[in-house]
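Grab a coffee and open the structure viewer. Try each exercise yourself before you read the solution under it.

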Amino acid sequence: MSKKIVLITGTNSGFGWLTAHSVAALGHQVYATMRDTKGRNADKAQALAAVENVTVLDVTLTDEQSVKQAVETILANQGAIDVLVNNAGYGMTGVAESFTTADVHTTFDINVYAPWRMIKQVLPAMRKQADGLIINVTSGFGRVSFPFATIYAASKFALEGISEGLHYEVKRLGIDVALLEPGAFPTEMQQKNNPASDQGVFEGYGAIADIPNKMVASLSGEMQAKKPDPQDVADAIVKLIGTPKGARPLRTVVDPITGPYIEAANQAIAEQFAKGLTVFGMGELL
């Protein structure tokens, strides 16, 4: 595999941390982004920067100029960006009504607008080199919207929609767009509980408000039984990078718990999607 310039977001923990290490170990040049590298992420930034083939960039993904500057820095140093991995994400839980407009905006700013900021910045260079790979990390909740994960799922649905349409728009330009759909894994993000802001809403939901606790208990039992390994997600990203251009699947599910259901949904929808694209006169894009 030829050496590639790989830009990965959200590398201070979880999938991003593991992916940065795994990709760099293969000899690729990794640009690992995280925010607050001089503050709360200082130790993580220093540790990752010490890894061979890794350069850490302090990037605030919700800031247009910060993203633009990061991409320009990489292009100035390397002349190309071969792979973008949009991994950074944010989760917030609660009944949908408990989300304020500000909560929804925060979720979408990180899970939708931030990946788009990166995509918008790297696409011109990828088009110019007629080559590139964009991997957007979504979720099984980007295919089905479970109760009490409604707003998170909505943000992942949005990123799925962007990715699917873009996949067909740019593949003839030499650019692959791929979706990675992880399930529940024991990562820092999974373990964080960011409750929605309007907590007073719960009182009006009675016993229903306790269902999320049952969901957490059930999921914990499944995770203990199946022991999902976050490294599997990093390995799937590595595999996508190593797969020849044009042969990469649009969707890759990495989920030992609910994965079979998501796979089945993906397959069924793909068959109907192909028919719909053909009806709209775009079958040649398949």
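Below are five exercises on how the helices, strands and rings of this predicted model fit together.

**Exercise 1. Work out how the strands are ordered in the sheet, and which ones stand at the edges.**

Step 1: Trace the sheet from one side to the other. You should get 7 strands in the order E3-E2-E1-E4-E5-E6-E7, in an open sheet with parallel pairing.

Step 2: Look at the two ends. Strand E3 (54-58) and strand E7 (251-254) each have a single partner strand, so one side of each is left without a neighbour in the sheet.

Step 3: Check the twist. Ignoring direction, neighbouring strands are turned by 20° against each other on average.

Step 4: Zoom in on one pairing. Strand E2 (residues 29-34) runs alongside E3 in the parallel sense, over 5 bridges. Within that stretch, Thr33 stands opposite Leu57 in E3.

Step 5: Now see what lies on the sheet. H5 packs there, touching strand E5 (132-137), strand E6 (175-182) and E7, and its direction makes about 155° with that of E6.

**Exercise 2. Describe how helix H4 and helix H5 lie against each other, and say what kinds of residue make the contact.**

Step 1: Find the helices, H4 at residues 101-129 and H5 at residues 150-170. Their axes come within 8 Å and cross at roughly 15°.

Step 2: Turn the angle into a word. Angles under 35 degrees count as roughly parallel, and H4 and H5 are therefore roughly parallel to each other.

Step 3: Add the hand. The crossing of H4 past H5 is right-handed.

Step 4: List the touching side. From H4 the contact includes Val104, Phe108, Trp116 and Leu123, while H5 brings, among others, Ile151, Tyr152, Leu159 and Val170. Sorted by class, the contact of H4 with H5 has 15 nonpolar, 3 polar and 1 charged residues.

**Exercise 3. Do the same for helix H3 and H4: what is the crossing angle, and which residues meet?**

Step 1: The axes of H3 (residues 64-78) and H4 come within 9 Å, and the angle is roughly 30°. That makes H3 roughly parallel to H4.

Step 2: H3 passes H4 in a right-handed crossing.

Step 3: Glu64, Val67, Lys68, Val71 and Leu75 in H3 meet Arg117, Met118, Gln121, Val122 and Ala125 in H4.

Step 4: Count by class, and the contact of H3 with H4 comes out as 6 nonpolar, 1 polar and 3 charged residues.

**Exercise 4. Now take H1 and helix H2: how do their axes cross, and which residues make the contact?**

Step 1: With H2 at residues 42-49, the two axes come within 11 Å and cross at roughly 15°. H1 is therefore roughly parallel to H2.

Step 2: The hand of H1 passing H2 is right-handed.

Step 3: On the H1 side you'll find Trp17, Ala20 and His21, and on the H2 side Lys44, Ala47 and Leu48. These divide into 4 nonpolar, 1 polar and 1 charged.

**Exercise 5. Classify the aromatic pair of Phe15 and Phe185, and find where its two members sit.**

Step 1: Start with the tally for the model, which is 4 aromatic pairs.

Step 2: For Phe15 and Phe185, the rings are 5.6 Å centre to centre with 85° between the planes. Planes over 60 degrees apart count as edge-to-face, and this pair is edge-to-face.

Step 3: Place the residues. Phe15 is in helix H1 (residues 14-25), and Phe185 is in the loop between E6 and helix H6 (188-191). They are 170 residues apart, and the pair links distant parts of the chain.

Key:
Residues numbered from 1 in each chain as written. Predicted model: local features only at pLDDT ≥ 70, side-chain atom pairs only at ≥ 80, totals over all residues. Heavy atoms only, no water. Axes fitted to C-alpha atoms, helices over the stretch in contact; angles between N-to-C directions. Helix = DSSP H or I, 4+ residues; strand = E, 2+ residues; numbered from the N terminus. Parallel < 35°, antiparallel > 145°, perpendicular 65-115°, else oblique. Left-handed = near helix turned anticlockwise from the far one by under 90°. Contact = heavy atoms within 4.5 Å. Nonpolar A, V, L, I, M, F, W, Y, C, P; charged D, E, K, R; others polar. Pairing = 2+ DSSP bridges. Phe/Tyr/Trp six-rings, centres within 6.5 Å; stacked < 30°, edge-to-face > 60°.
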